[in-house]
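Hi,

Here is the structure I said I would pass on. Have a look at it first, and my notes follow below.

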Amino acid sequence: MPDKCTLHIGDKKFDLPIRKGTVGPNVIDITELYKNTGYFTFDPGFTSTASCKSDICFIDGDKGILLYRGYPIEQLADKSNFIETAYLLIKGELPNRQQFQEFSGAIKNHTMVHEQIRSFYNGFRRGAHPMAIMLSVVGALSAFYADSANVNDANEREISQRRMIAKVPTLAAMAYKYSIGQPFVYPDNELDYIENFLNMCFSVPAFKYKINQTISHALEKIFILHADHEQNASTSTVRLSASSAVNPFASISSGFSSLWGPLHGGANEAALKMLKTIGNVKNIPEFIKRAKDPKDNFRLMGFGHRVYKSYDPRAKIMQKACHEVLEVSGKKNDDLLKIALELEKIALNDDYFVSKKLYPNIDFYSGITLNAMGFPTEMFAVLFAVARTVGWIAHWGEMYSDPENKLNRPRQLYIGKDKRDFIDISKR
Ligand code: ACO
């Protein structure tokens, strides 16, 4: 493998270093390109650009491989739990028993939010989208926890990371409760992370909520699957906003904003809505036809991925969890599942989808699963964001310990007017 490549511009030659990754594609280092040549590179959508170096997560989109710190997602979903996975993503290694106790104990210590935060919720109309509420209240944490907002202090960074993992589920459950007009439920630290979240979402003062182990295990898996995915849109947004050295709560709230879109975290909500719109297996051909029509902007939601050009490894685990949840929730013969299975079968055998390497992604089955668990569609992106908070905060921490970290400031290809003189309004 060469350690440099040569760029020819006119009759001039420029050597560009090649940096090697552990696995996956190596990169051509263009950091000195502008200084040495006067040229920028052009890559809208970052399809060929590595924006940073990272040792947290690896994806091989062609082979359908996803590793967190080297561990395959299948093994983590099967054998780990969400808090252990969070420790792994943040610290780089699986915790021993003592490290796990200390970490999970610290997360529990931070589950409550300042009582004054409750009044923020009252400012929203009932029925507000819980993700709209989350954008604001997560950012508002910076008004309450300024004592851990110094990004240049490693100790404060660690406290913020733990606060974020602990408090985001509490805020998410409050957003849900507010949107349906039920009283907030305080965290119960006798419960584990997932059970506590389910309890805060589904218990009411009048009834004791009984946690179903199949549901809680499935949600644990869903959280592990969503915890990180290298430099996706929302993680890159968090990194970019954090590069200005803004406080961590403000950076994470920008991750919520980016994740909400239907091309990213909003896709599971969109996928479920699409299945409901299809309504019946017999209508599938019509929707397949629309998805293939270049003049129609309809897309099969839950299909395709920027990185995976084979089956998303998370979708396989998700499909299994989906069957388990539908079984316990008495929805085994659910019409939506029937439509999803048939749609998947037809698309996987259709030349359009095969040639464009469009396979089901994680969102294809997560919507049906979360729906069967009792979550409304509006909560899907919120649940995704609760899990991804761990990835965001791991990348955020990595960024600050990287000596190469600097303010992220992309450049552009300017195609506007050249310099011209102002014309007085009377002469326009
Ligand atoms: N249905 C129909 N056609 C599709 C779909 C789809 N779901 N996805 C891509 N295509 C087609 C495009 O029309 C395009 O066709 P063309 O080459 O003839 O113009 C081609 O496949 C490539 O699509 P792009 O949009 O250029 O690919 P990109 O990598 O930018 O898009 C994306 C990836 C945004 C995820 C896309 O596949 C999509 O919109 N999918 C549906 C939304 C979705 O499920 N998002 C969830 C992503 S996973 C996540 O965030 C957890």
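Arg19, Asp29, Lys53, Asp402 and Glu404 are tied together in a network of salt bridges. Keep in mind that this is a predicted model. Searching the whole structure turns up 21 salt bridges, and I looked at a few of them one by one.

Glu158 and Lys91 pair up through their side chains, with N to O at 2.8 Å. That pair joins distant parts of the chain: Glu158 sits in helix H7 (residues 154-180) and Lys91 in helix H3, 67 residues apart. Glu158 is partly exposed, at 26% relative accessibility, and Lys91 is partly exposed too, at 42%.

Helix H7 takes part in another such link. Glu102 and Arg162 form a salt bridge, N to O at 2.9 Å. Here Glu102 belongs to helix H4 (residues 97-109) and Arg162 to H7, and the two are 60 residues apart. Glu102 is partly exposed, with a relative accessible area of 45%, whereas Arg162 is buried at 10%, which is under the 20% cut-off.

Then there is a local one. Lys338 bridges to Asp335, with the closest N and O atoms 3.8 Å apart. These residues are three apart in helix H15, so about one helical turn separates them. An α-helix has 3.6 residues a turn, so residues three or four places apart point the same way. Lys338 is partly exposed at 45% relative accessibility, and Asp335 is partly exposed at 49%.

Now the ligand. Which residues are closest to it? Of the 19 residues that surround the ligand, the closest are Arg299, Leu300, Gly302, Arg306 and Lys356. Arg306 places a polar side-chain atom 2.8 Å from a ligand oxygen, Lys356 does so at 2.9 Å, and Asn361 has one at 3.0 Å from an oxygen atom of the ligand.

Asn361 also turns up at a helix end. A side-chain oxygen of Asn361 lies 3.0 Å from the backbone nitrogen of Asp363, capping the N-terminal end of H17. H17 itself has twelve residues and runs 17 Å from its first C-alpha to its last, close to the 16 Å expected at 1.5 Å a residue. Eleven of those twelve residues are buried, so H17 is largely enclosed by the rest of the structure. Among the buried ones are Ile362, Asp363, Phe364, Tyr365 and Met373. Their cover includes helix H8 (193-202), helix H9 (213-226), H12, helix H14 (313-328), H15 and H18. Just after H17 comes Gly374, with a positive phi of about 110°.

H12 (residues 267-278) is worth viewing alongside H17. H12 has twelve residues, which at 1.5 Å a residue should span 16 Å, and its end C-alpha atoms are indeed 16 Å apart. The buried residues in H12 are Ala267, Asn268, Glu269, Ala271, Leu272, Met274, Leu275 and Ile278. They pack against helix H13 (284-292), helix H15 (335-348), helix H17 (362-373) and helix H18 (380-400). Gly279 follows H12, and its phi is positive as well, near 75°.

Two single residues caught my eye.

One is Asp43, in the loop between helix H1 (33-37) and strand E4 (57-60). Where is the nearest side chain of opposite charge to Asp43? That side chain is Arg306, 7.4 Å away, and Asp43 is buried yet has no salt bridge. The Asp43 side chain does reach the backbone nitrogen of Ser48, at 2.8 Å. Leaving out residues up to four places away in sequence, Asp43 touches Ser48 and Thr49. Recall that Arg306 is also one of the residues closest to the ligand.

The other is Leu88, in helix H3 (residues 82-91). Is it buried or exposed? Leu88 is buried, with a relative accessible area of 0%. Not counting residues up to four places away in sequence, Leu88 touches Tyr68, Arg69, Tyr71, Leu76, Glu93 and Leu94. The C-alpha atoms of Leu88 and Ala394 are separated by 9.3 Å, though the two are 306 residues apart along the chain.

That's what I have so far. Over to you!

Note on methods: Residues numbered from 1 in each chain as written. Predicted model: local features only at pLDDT ≥ 70, side-chain atom pairs only at ≥ 80, totals over all residues. Heavy atoms only, no water. Helix = DSSP H or I, 4+ residues; strand = E, 2+ residues; numbered from the N terminus. Expected span 1.5 Å × (residues − 1). Buried < 20%, exposed > 50% of the residue type's maximum accessible area, 1.4 Å probe, protein only. Contact = heavy atoms within 4.5 Å. Lys, Arg positive; Asp, Glu negative; His and termini not counted. Salt bridge = Lys/Arg side-chain N within 4 Å of Asp/Glu carboxyl O. Polar contact = N/O pair within 3.5 Å; in protein donor to acceptor, adjacent residues only side chain to side chain. Near = heavy atom within 4 Å.
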